[in-house]
Amino acid sequence: MNLHELKILMLALLIGVYQGCLANTYSVAVDIGHSKQNPGATSARGKPEFDFNRDLASILQQVLSADNIMSFSIGEHGDIVDAKQRSAIANAQNARFFVSIHHDSAQLKYFKIWRWQDIDRPYCDQFSGFSLFVSRKNPQLQKSLHCARMIGQALRQKGFTPTHHHAEPIAGENRTWADQQNGVYYYDNLAVLKTTNMPAVLIEAGVIVNRNDEKMLEQFSTRHRIASAIIQGIRDCKVLD
């Protein structure tokens, strides 16, 4: 290899490193909430929340890719138990935005029992809709809040409605509103939100203990609309610019 060829090779390697860094810099961390060991809420028909989270996150990543937005998943194998590992992975990958995917429940005092497939199962049809959470301990609170607002606005534009039950002044709830119109609450001590270096939002896509919400959230079309709204919100808040 002569000197000219060596220079061309070195230039190509440098360009590749630069492009790889740039792609990594502009990536979105998609955190799949909960794990196989701690699957989260159980739906009205007995499906674990982790499965809902993984299914929605998969569609979200597909839609992100189709929109030419780089992303990577965290916790897709269900083996991450320590929440701080999730933010540590996002920080190590230099993600520009962190979104944690969850599905919602309610306080036990609101549950009733119905029979589904010969099994008595708890449900709560009283509450329905999405909610979004940000932490005032996140180092980029204003960007986190702006993105949560934009995602909430996009969800409302696509026909979804925010739930208000997390603001109820009872044990286990009593969250402070950050933006009531767009379904955004403060959740300051949530580990995945307060320990990420980048703007971070947690989304509860719907209330899976609600029998109607559960059926709707199982549909591909619903998941695709939610994913599209999340991406629209990310675009609108300009966190990737």
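**View 1. Leu60 and its contacts in the predicted model.** Leaving out residues up to four places away in sequence, Leu60 touches Val30, Val99, Ile101, Ala227, Ile230 and Ile231 in this predicted model. One of these partners, Ala227, has its place in helix α7, and because its relative accessibility is 0%, Ala227 counts as buried. Although Ala227 and Leu60 are 167 residues apart along the chain, their C-alpha atoms are separated by 4.7 Å. Seen from the side of Ala227, and again leaving aside neighbours within four places in sequence, the contacts are with Leu56, Ile59, Leu60 and Val63.

**View 2. The nonpolar cores.** The largest nonpolar core has 45 residues, and those with the most contacts inside it are Leu60, Phe97, Ile101 and Ile226. The elements that give two or more residues to this core are β1, α2, β3, β6 (131-134), α4 (141-157), β8 (184-186), β9 (200-207) and α7 (220-237). A second core, separate from the one just described, has 15 residues, among them Ile74, Ala95, Phe133 and Val192. For the protein as a whole, buried residues make up 47% of the 241 residues.

**View 3. Strand β1 and its surroundings.** Five of the five residues of strand β1 (residues 28-32) are buried, so this strand is largely enclosed by the rest of the structure. How are the two faces of β1 covered? On one side Val28, Val30 and Ile32 are buried, and on the other side Ala29 and Asp31 are buried as well, so that both faces are covered.

**View 4. The strands that pair with β1.** Strand β1 is joined to strand β2 (residues 71-74) by four bridges, and these two strands run parallel; within this pairing, the bridge partner of Ala29 in β2 is Phe72. Strand β1 is also joined to strand β3 (residues 97-104), in this case by five bridges, and these strands too run parallel; here Asp31 stands opposite Ser100 in β3. Together with helix α2 (residues 49-66), strands β1 and β2 make a right-handed β-α-β unit. The protein has seven helices and nine strands.

**View 5. The ring pair of Tyr110 and Phe127.** A pair of aromatic rings is described by the distance of the centres and the angle of the planes. The structure holds six aromatic pairs. In one of them, the rings of Tyr110 and Phe127 have centres 5.0 Å apart and planes at 90 degrees, so this pair is edge-to-face. The pair links distant parts of the chain, since Tyr110 lies in the loop between β3 and β4 (112-116), whereas Phe127 lies in the loop between β5 (119-123) and β6, 17 residues apart. Are these two residues buried or exposed? Tyr110 counts as buried because its relative accessibility is 17%, and Phe127 counts as buried because its relative accessibility is 11%.

**View 6. The aromatic cluster and the charges over rings.** Phe133, Trp177, Tyr185 and Tyr187 form one aromatic cluster. Within this group, Trp177 and Tyr185 form a stacked pair, with 4.1 Å from centre to centre and 20 degrees between the planes. The two partners differ in their exposure, because Trp177 counts as partly exposed at 23% relative accessibility, while Tyr185 is buried, with a relative accessible area of 0%. The charged end of Arg175 sits over the ring of Tyr187, at 3.6 Å from the centre of that ring. In another such arrangement, the charged end of Arg136 sits over the ring of Tyr186, at 4.1 Å from the ring centre.

**View 7. Two residues with positive phi.** Most residues other than glycine have a negative phi. Asn174, which is found in the loop between α4 and β7 (176-179), has a phi near 60 degrees, a positive value in a residue other than glycine. Lys238, which is found in the segment after α7, likewise has a positive phi, near 60 degrees. With a relative accessible area of 54%, Lys238 is exposed.

Technical notes
Residues numbered from 1 in each chain as written. Predicted model: local features only at pLDDT ≥ 70, side-chain atom pairs only at ≥ 80, totals over all residues. Heavy atoms only, no water. Buried < 20%, exposed > 50% of the residue type's maximum accessible area, 1.4 Å probe, protein only. Pairing = 2+ DSSP bridges. Right-handed = clockwise from strand over helix to strand, strands pointing away. Core = buried A, V, L, I, M, F, W, Y, C linked by side-chain atoms within 4.5 Å. Contact = heavy atoms within 4.5 Å. Phe/Tyr/Trp six-rings, centres within 6.5 Å; stacked < 30°, edge-to-face > 60°. Lys NZ or Arg CZ within 6 Å of the ring centre and 35° of its normal.
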